[in-house]
Amino acid sequence: MTRPKMHLSVNLTEYGRHSGGWRHAVSDVSRIPNLETYRHVVRTAERGLFDQAFIADTPVHGWGRSSSTTTRIDPLEIAAALSTETAHIAIIATLSTSYNEPFDVARRAASVDAVTGGRLGINYVASTGDQTARNFHRAGQLPHDERYQRSNEFIEVVTKLWANAPTADAAGARVAHRGRFFDVDATLDVRQPRHGRPLIVQAGSSPAGRDLAARWADAIYAGGSTIDRAQEYYQDIKARAVAYGRDPDSIKVLLGIAPFLGDTAEEAAELQATMDAHHAEGADVVAHLSGLLEYDLSAHDPDGPLPFDLLPEVTSASVSQATLFTRMAREEHLTIAQVAYRSYVGGLANMQFVSTGTPTHVADVMQEWFEAGTCDGYSLVAPLLPQTIDAFVDGVVPILQERGLFRTEYEGSTITSHFGLSALDSRVAVVA
Amino acid sequence: MITIVQLALRPDDTLAGVESAVAALEAAGIAAVCVLDGADTGEATAFESTTLCGRLASTTSEIGLVASNSALYGFPYHLARRLATVDHFSDGRSGWLLRTRSAASEAAAYDWRSTGGRGVELHRAAEYAEIALELWDSWEDGAQYPDKASGDYKDDARIHRIDYRSLAFRVEGPLDVPPSPQRRPVLFARFDEAAEAALLPSVDVAIVSDPTTAAAATAPLILRAVPAHTTPDEAERLRAATGAHGLALHATTDTVPEACALAVALGAARSPGDTLAAALGLTLTLGGRAA
């Protein structure tokens with residue numbers, strides 16, 4: 001048996017996932033949204049033989065200064081519009097299960113699957129925050145566990161609609177579903193996706209999130225700030241998949257990595273420091289952390305420790321982030337000001353491990369974590385685009401290929417061939 | 001003469017077939033192609049209209065792209081986002097054909113169910129459009145101004161919630177998408193009778209088949225629906241008899257050559273670089289509820 005190769009994904013954003021990205025000298029802000037960067041990134045990632053490009057999504061306006069990194073245009077439309085740029089790489093579009101109707105998603109995703117020639121994946125998210133809920137006829141979001149129950153039922157309904165969708169040879173069959181959240185009695189009026197359904201991707205580290213992922217996902221975006229923790233997560237996901245009767249290899253864990261790349265170590269460190277400073281300049285970082293932790297820290301000494309005993313249990317915002325920063329502060333003995341700065345400058349990059357250095361250094365780190373059994377591949381949380389993807393494809397990919405860790409040509413041109421799967425099981429068996 | 005084509009997708013239409021048909025329509029000077037999918041035609045097809053328009057935004061450069069999307073089902077916020085996205089990718093060539101009837105496939109597929117009453121359906125569609133219009137107008141001019149020196153990316157004081165509340169909908173807003181080249185898509189609707197036209201006042205382009213409906217429509221642009229195989233003389237006679245400003249040809253990929261020939265005979269023309277609104281001679285108004 002040949003040694004398994006890494007799978008690679010890149011986060012597709014306008015200026016990179018770091019909040020300071022847009023202020024960098026190389027970033028073109030003459031037109032927003034910056035569509036040319038999207039086009040450049042997918043073309044470059046395909047040149048680097050990446051499996052997929054991933055589009056995150058939160059359908060709500062971000063009030064305040066730190067909101068330039070989110071994708072604010074419709075992910076399925078982006079996937080359709082970018083499909084002319086490439087022929088191999090898959091696009092993963094994020095869709096909210098809290099604020100969508102399954103029939104609408106089933107129609108539109110089947111169509112994007114068709115225009116991309118079977119290169120669509122969907123990252124189902126439960127979405128957090130009351131402000132998002134208020135764009136979709138609700139006063140506030142559902143409680144955490146109910147959001148995941150709704151996600152499960154949502155994926156169940158779309159999967160059944162696709163499994164029974166019309167094909168070139170057969171008429172579609174009616175799906176009658178009556179559940180707690182959805183009442184659907186319909187036959188899909190768009191043809192079945194090429195592999196029966198789009199690829200399913202998940203993220204999420206809470207027990208409910210892990211369980212949902214192990215049940216449904218073909219790939220998972222994982223976070224891990226130490227090798228131990230990433231190994232624990234990897235083994236837990238595979239074990240949960242087995243408990244659902246699945247082959248553990250049928251679920252790929254892609255570990256988030258935020259690489260700051262430079263020709264020299266100094267250059268890379270300077271890039272990271274410049275971007276952090278760009279973002280934090282003039283910002284109230286303690287207020288930002290207060291928001292994440294749902295506790296007003298303004299009365300506490302910024303140079304003292306977090307008041308761990310006073311922090312409430314976070315339920316409405318992202319539980320994962322609040323847990324991460326509290327743990328980071330405790331384990332690394334950080335002051336309020338230090339952890340607040342980190343929470344502010346890194347944003348999502350804090351959920352992943354950051355690797356700063358030359359292409360050789362980043363390749364070394366990726367190899368070490370990969371061979372330690374923390375992942376099946378990586379999700380590049382590219383801090384600065386297009387800089388990160390250009391530097392990665394030109395610098396890191398050839399090293400990974402030389403070491404036999406990454407493909408030297410595409411195995412095929414669909415999302416299943418990238419993952420070495422001959423077909424996707426419809427997952428209807430899971431439903432039944 | 002202003003001419004658009006309503007392209008009804010067929011079950012066996014391929015991506016290459018649709019793309020070459022739309023390229024032919026673009027070359028013939030057609031102002032816009034309005035893509036009708038399975039929810040409009042009653043036949044399952046490989047594509048859904050809004051996402052196919054997303055793809056066509058990248059394969060065409062001049063023709064308007066009018067997506068059919070329900071004005072009854074789903075969420076107005078998503079509709080506003082997806083068409084603003086098409087407008088960005090197409091450099092201002094997007095349109096929205098409001099689907100105001102409940103198609104057979106979707107009648108029991110969504111949370112909301114139609115009772116079949118046209119008054120109720122059109123009232124809901126009018127609210128749906130109003131919400132979308134307010135969302136597209138939720139950013140003032142100049143609210144998006146990335147200033148690297150100050151670190152200000154946008155001015156929240158010039159971006160506004162819409163706080164829309166009715167029995168059917170509650171949408172806080174603002175839209176998260178920065179203003180698109182046209183600011184909003186051009187709104188199209190098909191009306192089968194005069195009473196319908198009066199109940200949906202916010203559309204820019206009304207597609208009609210008789211003079212009474214044309215007279216009742218408040219839209220600034222009225223198009224007469226005709227089949228692609230109509231002769232130029234007959235098409236012009238029907239347009240004049242209806243009191244319409246232009247034509248909406250009904251075609252499938254098979255009859256696109258006839259639609260192109262008819263458009264050329266009628267002198268359809270479009271200027272490169274035009275937004276869809278400009279190609280139709282329209283000045284789009286913004287906002288939903290009157291101030």
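Two residues are in contact, in the sense used on this tour, if their C-beta atoms, placed from the backbone, lie within 7 Å. Please keep in mind throughout that the model in your viewer is a predicted one.

**First stop: chain A as a whole**

Select chain A and colour it by secondary structure, and you should be able to follow 15 helices and 11 strands. The radius of gyration of this chain is 21 Å, close to the 22 Å that the globule rule gives for 432 residues, so chain A is as compact as a globular protein of that length. If you turn the chain to look along its principal axes, its C-alpha atoms fill a box of roughly 65 × 50 × 45 Å. Of the 432 residues in chain A, 57% are buried, and among the contacts with a separation of 6 or more, 77% are made by residues 24 or more positions apart.

**Second stop: the two domains of chain A**

Now give separate colours to domain 1, which takes in 7-265 + 351-431, and domain 2, which takes in 266-348. The centres of these two domains of chain A, taken over C-alpha atoms, are 26 Å from each other. Where they meet, 30 residues of domain 1 of chain A are in contact with 22 residues of domain 2 of chain A. To see the domain 1 side of this meeting place, select β9 (252-261) and β10 (353-357) of chain A, which are the elements that give two or more residues to it. Sorted by class, this side of domain 1 has seven nonpolar, 18 polar and five charged residues.

**Third stop: residues marked in a record**

Which residues of chain A does UniProt place under the feature "binding site"? The unreviewed entry gives A:D57, A:T94, A:H144, A:Y148, A:S205 and A:S206, and you may like to show them as sticks before looking at two of them in turn. A:H144 lies in helix α5 (residues 144-163) of chain A, and A:Y148 lies in helix α5 of chain A as well. Are these residues buried or partly exposed? A:H144 counts as partly exposed, because it has 17 C-beta neighbours inside 10 Å, whereas A:Y148 is buried, with 20 other C-beta atoms within 10 Å; the cut-off for a buried residue is 20 or more. Leaving aside neighbours within four places in sequence, A:Y148 is in contact with A:A126, A:A208, A:G209 and A:L212.

Another residue to select is A:G62, which is found in the loop between β2 (52-55) and α2 of chain A. A:G62 is partly exposed, with 17 other C-beta atoms within 10 Å. If you draw a distance from the C-alpha atom of A:G62 to that of A:D130, which is 68 residues apart from it along the chain, the separation is 13 Å.

**Fourth stop: chain B**

Select chain B next, whose secondary structure comes to 10 helices and 12 strands. Its radius of gyration is 19 Å, close to the 19 Å that the globule rule gives for 291 residues, so chain B is as compact as a globular protein of that length. Along its principal axes, the C-alpha trace of chain B spans about 60 × 45 × 35 Å, and 57% of its 291 residues count as buried. An unreviewed UniProt entry carries the annotation "domain: Luciferase-like" for residues 15-239 of chain B. Over that stretch of chain B, the chain is 36% helix and 20% strand, and the end C-alpha atoms are 33 Å apart.

**Fifth stop: where the chains meet**

Show both chains together, and look for the place where 47 residues of chain A are in contact with 48 residues of chain B. On the chain A side, α2 (75-82), α3 (102-115) and β6 (183-186) each supply at least two residues, and the largest share, eight residues, comes from α3(A). By class, this side of chain A has 23 nonpolar, 10 polar and 14 charged residues.

**Last stop: the nonpolar cores**

In soluble globular proteins, nonpolar side chains tend to be buried together. Here the largest nonpolar core has 208 residues, and those that touch the most other members are A:I220, B:L25, B:I30, B:V33, B:C34, B:F188 and B:A206. Helix α5 (residues 118-136) of chain B gives the most to this core, with nine residues, and at least three residues are drawn from each of domain 1 and domain 2 of chain A. Apart from this core lies another, of 16 residues, among them A:L297, A:L306, A:A329 and A:I336.

Conventions
Residues numbered from 1 in each chain as written. Chains lettered and ligands numbered in written order. Predicted model: local features only at pLDDT ≥ 70, side-chain atom pairs only at ≥ 80, totals over all residues. Helix = DSSP H or I, 4+ residues; strand = E, 2+ residues; numbered from the N terminus. Rg over C-alpha atoms; globule rule 2.2 N^0.38 Å. Buried ≥ 20, exposed ≤ 12 C-beta atoms within 10 Å, placed from the backbone. Domains from an automatic or database assignment. Nonpolar A, V, L, I, M, F, W, Y, C, P; charged D, E, K, R; others polar. UniProt positions renumbered as here; feature names shortened; annotations may be inferred. Core = buried A, V, L, I, M, F, W, Y, C linked by C-beta atoms within 7 Å.
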